[in-house]
Amino acid sequence: MEYKIGKEARCAVIGYGSWATAIVGLLAANEARVGWYVRNPEVLEGLLAEGRNPRYLSDVEFDRRRIAPSDDLDEVVREADIVILATPSAYLKTFLEPLTVSLQDKFVVSAIKGIVPGDYKTIVEYVHDRYDLSYKQIGIITGPSHAEEVSRGKLSYLTVVCTDPENAQMLGEKFATDYIHLSYSTDLYGIEYAAILKNIYALSVGIAVGLGYGDNFLAVLIANSAGEMRRFLEESYPAERDTLVSGYLGDLLVTCYSVYSRNRRLGLLIGHGCTVKSALNEMTMVAEGYFAADCIRHINARHKIEMPIAEMVYNVLYQGASARKCMKELTSKLI
């Protein structure tokens with residue numbers, strides 16, 4: 001179906017983590033009121049009583065007149081025209097399980113950089129199939145950006161993706177501030193898969209740092225990661241796209257080198273000698289690259305694209321392979 005986002009379209013956010021909290025902050029600066037589905041009782045109470053998320057980005061204070069937190073998913077979705085998904089990919093199905101309200105008349109936006117585990121589908125693919133929505137009423141909001149900097153008003157660039165450029169522009173207006181610059185794309189497939197792959201590559205960088213590799217090697221590893229990403233996109237879904245722009249390359253770079261990167265941190269713990277299980281337990285937030293490594297390997301079984309970096313990360317995470325040995329073997333495959 002055709003779907004046009006109206007200027008007065010009401011927004012709601014599903015999720016209560018760092019990225020969801022930062023997104024609500026942006027929307028609340030532009031919208032009269034933002035719906036917010038929060039299923040965690042502690043977070044909901046903090047938002048209702050003090051206008052703060054006590055678990056994530058707790059220094060951000062909301063104008064309580066502009067947010068409508070609720071643990072009633074149907075109510076939040078019913079009142080919205082645009083539904084923004086901002087949960088970890090592994091828990092999306094759990095978050096949406098109580099939903100009985102139809103999404104047929106909604107525009108659904110994914111702010112999730114992951115694949116639904118077990119289904120081996122991206123968020124866009126899952127929403128399209130599960131809720132019988134047209135790709136014309138599904139969009140993406142992505143980086144390069146980290147919630148911590150966005151929430152503090154640091155200059156950041158976001159990429160808005162819709163099949164209809166007019167919808168992308170209308171959606172972008174809802175996020176625009178003096179410190180948020182926007183770019184636009186119609187490449188739903190490419191941008192989403194790039195956002196998934198960069199988490200795997202950030203894991204590889206973290207592993208390398210933990211093992212003691214230096215900046216010279218990291219430059220080669222990240223350059224090869226960019227090439228591997230481009231190769232996957234070109235061979236799995238050929239389209240006219242420039243993977244050197246910020247929605248692809250920029251997101252990869254910031255996830256690989258930022259101190260805020262969860263995926264880099266998970267890799268760092270493993271490189272330092274932690275088992276995968278203990279490293280995951282050490283994490284306070286979800287590292288999407290862990291799930292993505294398995295899903296991408298499954299998806300690539302159809303395409304048979306050469307992906308030595310993603311394959312190395314999979315072997316370390318899921319096959320119990322030695323990180324040191326795998327990284328050493330990888331060095332001979334990079335250019």
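User: How many disulfides does the count come to?
Analyst: The count comes to zero disulfides. This is a predicted model.

User: Why is C11 not bonded to the closest cysteine?
Analyst: The closest cysteine sulfur to that of C11 is in C162, 12 Å away, which is too far for a bond; the cut-off is 2.5 Å.

User: And C326, what is its closest cysteine sulfur?
Analyst: That one is in C274, at 17 Å from the sulfur of C326, again too far for a bond.

User: Are C11 and C326 buried or exposed?
Analyst: C11 is buried, with a relative accessible area of 3%. C326 also counts as buried, at 11% relative accessibility.

User: Switching to pockets. What volume does the largest pocket have?
Analyst: About 830 Å³. Its lining has 36 residues, and P88, R262, M285, V286 and E288 are the closest to the centre.

User: Where does the largest pocket lie relative to the domains?
Analyst: Between domain 1 (9-185) and domain 2 (187-329), because both give residues to its lining.

User: Which helices supply at least two residues of that lining?
Analyst: α1 (18-30), α6 (147-151), α8 (188-211), α11 (262-271) and α13 (288-303) each do.

User: What's the lining by class?
Analyst: For the largest pocket, 19 nonpolar, eleven polar and six charged residues.

User: And the second largest pocket, what volume?
Analyst: About 290 Å³. It is lined by 18 residues, and C11 is among those nearest its centre, with R10, R33, G35 and E79.

User: Which elements supply at least two residues there?
Analyst: β1 (11-14), β2 (34-37), β3 (67-70) and α3 (73-78) each do so for the second largest pocket. By class, its lining has eight nonpolar, two polar and eight charged residues.

Technical notes: Residues numbered from 1 in each chain as written. Predicted model: local features only at pLDDT ≥ 70, side-chain atom pairs only at ≥ 80, totals over all residues. Heavy atoms only, no water. 1 Å grid on protein atoms, 1.4 Å probe; cavity = no way out; pocket = protein on both sides within 12 Å on 5 of 7 lines; lining within 4 Å. Points joined across faces, edges and corners; volume = space filled by probe spheres on them. Helix = DSSP H or I, 4+ residues; strand = E, 2+ residues; numbered from the N terminus. Nonpolar A, V, L, I, M, F, W, Y, C, P; charged D, E, K, R; others polar. Domains from an automatic or database assignment. Buried < 20%, exposed > 50% of the residue type's maximum accessible area, 1.4 Å probe, protein only.
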